[in-house]
Amino acid sequence: MKLNHMRRLVLVLVMTILGFWIEGCHCKIVQFIFGDSLSDVGNNRYLSRSLAQASLPWYGIDFGNGLPNGRFSNGRTVADIIGDNMGLPRPPAFLDPSLSEDVILENGVNYASGGGGILNETGSYFIQRFSLYKQIELFQGTQELIRNKIGKEAADEFFQGARYVVALGSNDFINNYLMPVYSDSWTYNDDTFVQYLTGTLQDQLKLLHKLGARQLMVFGLGPMGCIPLQRVLSTSGNCQEKANKLALSFNKASSKLVDDLATQLPNSSYKFGDAYDVVDDVISNPSKYGFENSDSPCCSFGNIRPALTCIPASRLCKDRSKYVFWDEYHPSDSANELIANELIKKFGFVRVDQTNAPSPAPALAPAPSPED
Ligand SMILES: *[C@@H]1O[C@H](CO)[C@@H](O)[C@H](O)[C@H]1NC(C)=O
Ligand SMILES: *[C@@H]1O[C@H](CO)[C@@H](O)[C@H](O)[C@H]1NC(C)=O
């Protein structure tokens, strides 16, 4: 009897161990997001000395309960919309006090921080922000937490199965290279600065691969010379061609970089996408896309321009869905939806719950083009 009992125990043990090896981690597929104010969902709210804040009304007016939530828009970010389309949960901000191992395993983490750039020195006048290297450092801390919670094997599987978003670069130009207070503006010229920036991005993307990132999307830049702030700083009120040229040059170089990395790095699916052309067209032909205004912010402080941020005393435009820009820097929810649909077309992804299906999943139908 005793022997039988022992045998059964051993059998159960062997099966448990086998089961563990065969089935591995029953982890959910979640996202880890690295970015700037275009993807921040609340980190800067907890950086009390940061000057890049979206913590006052009317930020968030078209999101959830309408109160500020840390997003630098009236509604959703581009990453929100893309993640929703993939069927992925929206990851909470890294500094959200409710973040725990269980929350991370269910939802992932968003490290994006307003004012942050690819370069450490970018956005220093905001005093506090997470640059991309800092965000990756925080991600390494997250990995340590999860390894301690579920073990190394399962953690490796969890992080290799996750989806990654890297969306930075605008601040490296607007709040660094294009501002004479920053030494990068006199150390480099247009070409050498773009090389320095994409060289740094290359090291960061390789580091993320070393840390387990396999499925990663890099978002390119839009025509940043056409944000209301850049227009109001030009004497003519037109877009700043120099800034737009830099965005195109960055997109070209980083698109090549990401394609090269995708072939070099084992088991990687690294993709680059930008919405430059579509946004450029919306700005020139807003009515074609259902917009009425593409050159000034919906939230502004009377005739005082540029208003650095949207504040409770600001006035809002009548119909927020008709404005391309929410404030001097950031697109509105409606514009973000258009940008997200364009990126979805470029990335050509399928819903995550279909990706793991045994039969080949049908490709997501392309989003309708504006001409339709
Ligand atoms: C950038 O900052 C990180 C810390 O966030 C640091 O480890 C790294 O050495 C810095 N890199 C450069 C080039 O200054
Ligand atoms: C690539 O995938 C194969 C098969 O799943 C695996 O054996 C190998 O360890 C992976 N390599 C890396 C670097 O992830």
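User: How many helices and strands are there in the protein?
Analyst: This is a predicted model, and the protein has 13 helices and 7 strands. Of the 372 residues in the protein, 44% are buried. Among contacts between residues at least 6 apart in sequence, 67% join residues at least 24 apart.

User: Which residues have the most contacts inside the largest nonpolar core?
Analyst: The largest nonpolar core has 89 residues, and Val78 and Val166 are those with the most contacts inside it. For Val166, leaving aside neighbours within four places in sequence, the contacts are Phe34, Leu205, Leu216 and Val218. Val78 belongs to helix H2, where it is one of the buried residues.

User: How many residues of helix H2 are buried?
Analyst: Helix H2 spans residues 78-86 and is mostly covered, with 7 of its 9 residues buried. Besides Val78, the buried residues of H2 are Ala79, Asp80, Ile81, Ile82, Gly83 and Met86. After H2 comes Gly87, whose phi is positive, near 80 degrees.

User: How should one describe two helices that pack against each other?
Analyst: Two packed helices are described by the angle between their axes and by the distance between those axes. In this structure, helix H8 (residues 190-210) and helix H10 (residues 241-264) serve as the case: their axes come within 10 Å and cross at roughly 35 degrees. The crossing of H8 and H10 is right-handed.

User: Which residues make the contact between H8 and H10?
Analyst: H8 contributes Asp190, Val194, Leu197, Thr198, Leu201, Gln202 and Leu205. From H10 come Leu246, Ser249, Phe250, Ala253, Ser254, Leu257 and Leu261. By class, the residues of this contact divide into 9 nonpolar, 4 polar and 1 charged. Leu205 of H8 is also one of the residues in contact with Val166.

User: How does one read the backbone angles phi and omega?
Analyst: The general expectation is that most residues other than glycine have a negative phi, and that most peptide bonds are trans. The cases that depart from this pattern can be taken in turn, beginning with the peptide bonds. The bond from Pro57 to Trp58 is cis, with omega near 15 degrees. The bond from Arg305 to Pro306 is also cis, with omega near -10 degrees.

User: Where is Trp58 placed, and why does Trp58 count as buried or exposed?
Analyst: Trp58 is in the loop between strand S1 (31-35) and H2. A residue is buried if 20 or more other C-beta atoms lie within 10 Å of its own. Trp58 has 22 C-beta neighbours inside 10 Å, and therefore counts as buried. Apart from neighbours within four places in sequence, Trp58 is in contact with Asn74, Cys299, Cys310, Ser314 and Leu316. Trp58 and Pro68 are 10 residues apart in sequence, and their C-alpha atoms are 6.8 Å apart in space.

User: What is the setting of Pro306?
Analyst: Pro306 is found in the loop between strand S6 (299-300) and strand S7 (315-316). Pro306 counts as partly exposed because it has 18 C-beta neighbours inside 10 Å. Not counting residues up to four places away in sequence, Pro306 touches Leu229, Val232 and Glu328. From C-alpha to C-alpha, Pro306 and Pro228 are 8.0 Å apart, although 78 residues separate them in sequence.

User: Which residue in the loop between strand S2 and helix H4 has a positive phi?
Analyst: Ile127 has a positive phi of about 70 degrees although it is not a glycine. Ile127 lies in the loop between strand S2 (108-110) and helix H4 (132-150). Ile127 is exposed because 12 other C-beta atoms lie within 10 Å, and a residue is exposed at 12 or fewer.

User: Where does Asn267 lie, and what is its phi?
Analyst: Asn267 lies in the loop between H10 and strand S5 (269-273). Its phi is positive, about 60 degrees, although Asn267 is not a glycine. Asn267 is exposed, with 8 other C-beta atoms within 10 Å.

User: Which residues surround ligand 1?
Analyst: Ligand 1 is surrounded by Asn120, Tyr133, Lys134 and Glu137. By class, this shell has 1 nonpolar, 1 polar and 2 charged residues.

How values were computed. Residues are numbered from 1 along each chain as its sequence is written. Chains are lettered from A and ligands numbered from 1 in the order in which they are written. This is a predicted model: local features need pLDDT of at least 70, side-chain atom pairs count only at pLDDT 80 or more; totals for chains, interfaces and linings use all residues. A residue is near a molecule or strand if its C-beta atom, placed from the backbone, lies within 6 Å of it. Ala, Val, Leu, Ile, Met, Phe, Trp, Tyr, Cys and Pro count as nonpolar, Asp, Glu, Lys and Arg as charged, and the others, Gly among them, as polar. Axes are lines fitted to C-alpha atoms, for helices over the stretch in contact, and angles run from 0 to 180 degrees between N-to-C directions. Helices (H or I, at least four residues) and strands (E, at least two) are DSSP runs, numbered from the N terminus. A crossing is left-handed if the near helix is turned anticlockwise from the far one by less than a right angle, and right-handed if clockwise. Two residues are in contact if their C-beta atoms, placed from the backbone, lie within 7 Å. A nonpolar core is a set of buried Ala, Val, Leu, Ile, Met, Phe, Trp, Tyr and Cys residues joined through C-beta atoms within 7 Å.
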